[in-house]
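Biologist: I would be grateful for a close look at one part of this model, namely the sheets and the helices that pack on them. Please describe the arrangement in one connected account.

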Amino acid sequence: MTTTASPSASVRTTATAPTLTFLGAAGTVTGSKTLLEVDGRRVLVDCGLFQGRKELRLANWEPFAVPPESIDAVVVTHAHIDHCGYLPRLVKLGFRGRVLCTDGTRDLARIVLPDSAHLQEEDAAYANRKGYSKHRPALPLYTGEDAQAALRLLDTVPWDEPVEVVDGVTATWRRAGHILGAASIGLHLDGVGRDVTFSGDLGRPTHPLLAAPAPIGRADVVVCESTYAGRHHDQRDPTDVIADVVERAARHGGVVVIPAFAVDRTEVVLWHLDRLVAEGRVPDLPVFVDSPMACRALDAYRDAARRRSPELRPEVRGRDLFASLSLREARSTEESIALNDRRGPMIVISASGMATGGRVLHHLANRLGDSRNEILLVGFQAPGTRGDALRQGARRLKLLGSYQRVAARVSSMELSSHADGGELVDWLATDQPPPGIVYVNHGEPERSAALVDALDERLGIDAVVPRPGERVRLDH
């Protein structure tokens with residue numbers, strides 16, 4: 001994987017034809033970065049960190065494709081790390097332009113970027129203690145100070161109103177329904193009269209808290225994600241699965257451990273639990289959210305509901321979210337440790353969602369060996385993760401350096417915040433007339449190829465999967 005692109009790294013381009021260069025999320029599902037160059041100006045659409053496999057993570061350390069100080073502005077679709085997590089590194093390397101995003105994205109970025117910096121610093125410190133880094137000393141990709149410097153550049157924008165990004169380029173943020181603040185971004189290029197829309201990560205029309213993704217609007221070119229292309233999400237009612245798990249735990253005096261991503265997934269799980277308790281379908285058990293990041297994200301969602309944010313569903317606006325639950329938040333390490341001594345029945349929601357790290361590992365280590373307990377997996381479990389091993393029926397699981405017997409009952413379902421293949425095509429069909437071309441990115445190769453085929457078969461739209469570093473013209 002390479003992030004090297006064709007623009008010169010020494011001078012600002014003077015080409016008159018506007019171009020896009022795919023610097024990240026091309027041929028992979030992470031590291032979203034696309035460079036727009038028009039009339040000597042440079043705008044970066046998303047600024048994501050490469051995550052996952054080692055060869056992808058190493059790409060974060062490669063020299064940036066153009067001098068960061070030559071970039072005039074960054075426009076951000078949403079606050080997931082694979083879309084905004086490279087911002088502190090870009091600032092560290094010299095970027096000083098504007099970073100434009102929605103209010104919700106700013107609020108969540110204030111949570112996730114310092115956390116990402118903390119992890120970078122922890123990784124470097126661990127490498128120095130263990131001496132396994134080829135660098136002496138090992139350095140973090142960026143620091144907490146870099147994250148704060150990036151946050152100071154954030155400039156919020158209104159929904160559905162054109163905002164001038166640079167001379168000759170305006171951008172409009174439309175709801176994407178993926179997480180709080182998530183948007184698709186439409187760019188209008190005055191000089192050539194072309195409209196280019198970036199999907200960001202699209203949510204589902206059925207998200208219980210967020211309004212459905214808005215139609216595309218007019219677009220000559222669309223850059224569309226393909227995370228779940230070629231797949232159809234589980235159509236089971238998640239409340240039925242959750243109700244069965246909670247009822248069993250309550251009957252046996254057990255503990256339900258739910259590994260869940262801190263941003264949005266925790267809120268969706270709580271919404272379903274709140275609904276079940278309010279309807280009397282499950283007993284009102286103590287519910288603990290044990291993740292500092294998840295607790296701060298909860299604050300952001302609650303604030304959005306209180307101020308009646310237009311990106312929330314109308315029935316959620318003005319509500320006190322999760323009011324039916326006996327909800328408690330473990331923000332400190334001491335509060336988290338104390339949960340290990342509590343007896344059930346109770347529910348613990350903790351990060352990370354695939355059990356790859358975080359506080360949930362301690363809860364799993366403490367509860368897996370008891371057959372009265374329940375483990376509920378609520379999202380996609382990547383191959384090779386502990387969550388996937390549990391989903392596949394592992395009898396033993398390595399946690400915190402030792403193997404634990406799996407006696408607890410394991411259930412799984414998928415509360416995805418990503419549109420599936422059919423929903424992606426339905427969203428692209430809202431562009432009338434259809435776009436001249438769709439560039440399919442942010443997906444593994446088989447997923448991107450599936451969306452290309454679906455667009456050809458269902459809508460007769462030309463679509464291409466761009467190569468990493470590929471540059472394309474936008475003037476015809």
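Modeller: The model is a predicted one, and a suitable place to begin is the parallel pairing of strand β16, residues 374-377, with β19, which extends over 4 bridges. Within this pair, Leu377 has Ser412 of β19 opposite to it.

Both strands belong to an open sheet of 6 strands, whose order is β14-β13-β15-β12-β16-β19 and whose pairing is parallel. The edges are occupied by β14 (326-329) and β19 (409-412); each has a single partner strand, so one side of each is left without a neighbour in the sheet. On average, and with direction ignored, neighbouring strands of this sheet are turned by 20° against each other.

Two helices are to be considered with this sheet. Helix α7, formed by residues 265-278, lies across β12 (255-259), β13 (286-290), β14 and β15 (346-350), and runs at about 160° to β15. Helix α8, formed by residues 292-306, also packs on the sheet, where it touches β13 and β14. The direction of α8 makes about 125° with that of β14. Strands β13 and β14 are thus touched by α8, and α7 lies across them as well.

A further open sheet consists of 7 strands in the order β7-β8-β9-β10-β11-β20-β21, and its pairing is mixed. Its edge strands are β7 and β21 (463-464), each of which pairs on one side only.

At the β7 edge, strand β7 (residues 163-166) and strand β8 (residues 169-175) run antiparallel and are joined by 3 bridges. Val166 has Val169 in β8 as its bridge partner. The two strands, β7 and β8, form a hairpin with 2 residues between them, and Gly168 in the turn has a positive phi of about 85°.

Further along the order, strand β10 (residues 194-198) runs parallel to strand β11 (residues 221-225), and 3 bridges join them. Here Phe198 has Val223 in β11 as its bridge partner.

This mixed sheet also carries helices. Helix α12 lies across β9 (183-189), β10, β11 and β20 (437-441), and runs at about 165° to β11. Helix α13 packs on the sheet too, touching β11, β20 and β21, and its direction makes about 160° with that of β20. Strands β11 and β20 are therefore among those that α12 lies across and among those that α13 touches.

These two helices also meet each other. The axes of α12 (residues 421-428) and α13 (residues 445-459) come within 10 Å and cross at roughly 55°, which makes α12 oblique to α13. The crossing in which α12 passes α13 is right-handed. On the α12 side, the contact is made by Gly422, Leu424, Val425, Asp426 and Leu428; on the α13 side, it is made by Leu451, Ala454, Leu455, Arg458 and Leu459. By class, the residues of this contact divide into 7 nonpolar, 1 polar and 2 charged.

Finally, these parts may be placed within the whole chain, which has 13 helices and 22 strands. Its radius of gyration is 22 Å, close to the 23 Å that the globule rule gives for 476 residues, so the chain is as compact as a globular protein of that length. The C-alpha trace spans about 70 × 55 × 40 Å along the principal axes of the chain.

Conventions
Residues are numbered from 1 along each chain as its sequence is written. This is a predicted model: local features need pLDDT of at least 70, side-chain atom pairs count only at pLDDT 80 or more; totals for chains, interfaces and linings use all residues. Side-chain values use heavy atoms; hydrogens and water are left out. Two strands pair if DSSP finds at least two bridges between them. Axes are lines fitted to C-alpha atoms, for helices over the stretch in contact, and angles run from 0 to 180 degrees between N-to-C directions. Contact means heavy atoms within 4.5 Å. Angles under 35 degrees count as roughly parallel, over 145 as roughly antiparallel, 65 to 115 as roughly perpendicular and the rest as oblique. A crossing is left-handed if the near helix is turned anticlockwise from the far one by less than a right angle, and right-handed if clockwise. Ala, Val, Leu, Ile, Met, Phe, Trp, Tyr, Cys and Pro count as nonpolar, Asp, Glu, Lys and Arg as charged, and the others, Gly among them, as polar. The radius of gyration is taken over C-alpha atoms; the globule rule is 2.2 Å times the number of residues to the power 0.38.
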